[in-house]
Amino acid sequence: MDNFRTNKENIIQYLKDGCKSPDVPMCFGVELEHFVVRKDTKEAVSYYGENGIEAILMQLQPMYEESAYSEGHLIALGRKGIALSLEPAAQLEVSISPQTDIGGIGAIYKQFVKEINPILEKYSYEMVTLGYQPKSKVEDLELLPKPRYRFMDAYFAKIGPYGRQMMRGTASTQVSIDYYSEEDFADKYGIAYALKDVLAHFCSNSPVYEGGGYNGFTLRDDIWSKTDARRVDVAPYLIDGKMSFEDYTDFVLQTPVIVYKDGAQEYYDERTIGEIAGERIFTEDELTHVLSMVFPMIRAKHFLEIRFADSMPMEKVLKYVLILKGLFTDIAYTKTWLYSDEFKTAEITQRMELMLKNVINRLTKEEAEYVKKE
């Protein structure tokens, strides 16, 4: 049996299985990461300790139906519509299940804020939505008690200068969108990739880097690319600006796995996913794991996860979701202006204005007014 070929075909089939029925309305899921900081100093609150992030999760736990632990420590909560999890240095990620409109996203998030704010107030803490830590330096931040994060920390320390900054310092907004066929997948991937600089510019929210000022627009992208370009850069796998299921699978297979999952056990491993794929057939859980170990700014699962945006206040997140809705509601219309000379030759701010103008034409009057609102 050719294990490599079988695993490759299984990954391609997994992506195919993500295709939604054309009768299903497009849904949008949101993952918004937060820094929990002290109100007075803006320094990061540790996961550990009597009043740390774990203690906050424990107080939220009765409101949730599901809990997850690592090494005896509480690290995640979940219930219908929402899940709470933690990034490596205890950045609090709020994952909102796919919704057909921004009203559903906003209502779920509003309920979460209503529940957590009294706990934060008790300790004089607050949640901050920024692309990078507002005050604390990464050398002062501890990792969560999770083997995966220790493995990643060791690996990234060896291959680039920004591994600690990437894991401990950054926070993002991620929006997931549906695809309906391989052609639709390729079109949406290509459009999102062509607009990556414009979308990153619109969603830039990183005024601070390691405690000092930062005036650029792509801090997170720069950090991630310089940490492990092989895990991030999909450009060599785009064919004529598009990405097929097989192209994306080839990108995945060339990536060092870092965390090798054998059943419930995790091990450190620097081999590529392709090398491991030659040894034995992946289980479905192992297959979804290897897909999670690549970090491009457009990541494929059973949906497309668009990861250009910094962590932002929810009001701007909802505008961003509407922009993506406008982009992908009418693919042919979007391609017309996206690949025009007017758009391609414009400066970045002009391209952003052209994008917004054309997106608004594909939204309802109420949605368009929301996007235009200051």
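1. S136 sits in the loop that runs between β6 (125–128) and α4 (147–159) of this predicted model. With a relative accessibility of 11%, S136 counts as buried. Its side chain reaches the backbone nitrogen of A44 at 2.8 Å. Leaving out residues up to four places away in sequence, S136 touches E43, A44, L141 and E210. A loop residue is thus described here by its burial and by a side-chain reach to the backbone of A44.

2. Two residues other than glycine deserve a check of their backbone angles. A90, in the loop between β4 and β5, has a positive phi near 75 degrees. D240, in the loop between α9 (229–232) and α10, has a positive phi of about 55 degrees. Their surroundings may be set side by side: A90 is buried at 5% relative accessibility, whereas D240 is exposed at 79%.

3. Helix α3 comprises residues 102–122, 21 residues in total. From the first C-alpha to the last, α3 reaches 31 Å, which is close to the 30 Å expected at 1.5 Å a residue. The helix nevertheless carries a kink of about 30 degrees at I116, shortly before the proline P118. At the start of α3, a side-chain oxygen of D101 comes to within 2.8 Å of the backbone nitrogen of G103. After the helix comes S124, with a positive phi near 60 degrees.

4. Which residues of α3 are buried? They are I102, G104, I105, G106, I108, Y109, F112, E115, I116, I119 and L120. The list includes I116, the site of the kink. It also includes the charged residue E115.

5. F112 of α3 links the helix to the nonpolar interior. The largest nonpolar core has 119 residues, and F112, L195, Y248, Y320, L327 and F328 have the most contacts inside it. Helix α13 (residues 314–329) gives the most to this core, with ten residues. Apart from this core lies another, of five residues, among them F35, V128, L130 and A171. When neighbours within four places in sequence are set aside, F112 is in contact with Y64, I82, L84, L92, V94 and M127. As general background, nonpolar side chains in soluble globular proteins tend to be buried together.

6. Helix α2 (residues 53–60) is mostly covered, six of its eight residues being buried. These buried residues are I53, E54, A55, I56, L57 and L60. What covers them? The covering elements include the strands β1 (28–38), β3 (73–79), β4 (82–86), β5 (92–99) and β6, together with helix α3.

7. A search of the whole structure finds 28 salt bridges. One of them joins E246 to K8, with the closest N and O atoms 3.1 Å apart. E246 belongs to helix α10 (residues 245–253) and K8 to helix α1 (residues 3–17), so this pair ties together parts that are 238 residues apart in sequence. The two partners may also be described by accessibility: E246 is partly exposed at 38%, whereas K8 is buried at 7%.

8. A further salt bridge, between E286 and R280, has an N to O distance of 3.0 Å. E286 is buried, with a relative accessible area of 3%. R280, at 24% relative accessibility, counts as partly exposed.

9. The salt bridge between K372 and E369 has an N to O distance of 3.3 Å. Where do these two residues lie with respect to each other in helix α17? They are three residues apart in α17 (residues 365–372), and are therefore separated by about one helical turn. Each partner is partly exposed: K372 has a relative accessibility of 46%, and E369 has a relative accessible area of 44%.

10. Salt bridges also occur as a network, which links R299, K301, E305 and R307. This group may be read alongside the pairs described above, such as E246 with K8 and E286 with R280.

Technical notes. Residues are numbered from 1 along each chain as its sequence is written. This is a predicted model: local features need pLDDT of at least 70, side-chain atom pairs count only at pLDDT 80 or more; totals for chains, interfaces and linings use all residues. Side-chain values use heavy atoms; hydrogens and water are left out. A salt bridge is a side-chain nitrogen of Lys or Arg within 4 Å of a carboxyl oxygen of Asp or Glu. Helices (H or I, at least four residues) and strands (E, at least two) are DSSP runs, numbered from the N terminus. Buried means under 20% relative accessible area, exposed over 50%, partly exposed in between (1.4 Å probe, protein chains only). A nonpolar core is a set of buried Ala, Val, Leu, Ile, Met, Phe, Trp, Tyr and Cys residues joined through side-chain atoms within 4.5 Å. Contact means heavy atoms within 4.5 Å. The expected span of a helix is 1.5 Å times one less than its number of residues. The bend at a residue is the angle between axes fitted to the seven residues ending there and the seven starting there. A polar contact is a pair of N or O atoms within 3.5 Å; within protein, one must be able to donate a hydrogen and the other to accept it, and residues adjacent in sequence count only if both atoms are side-chain atoms.
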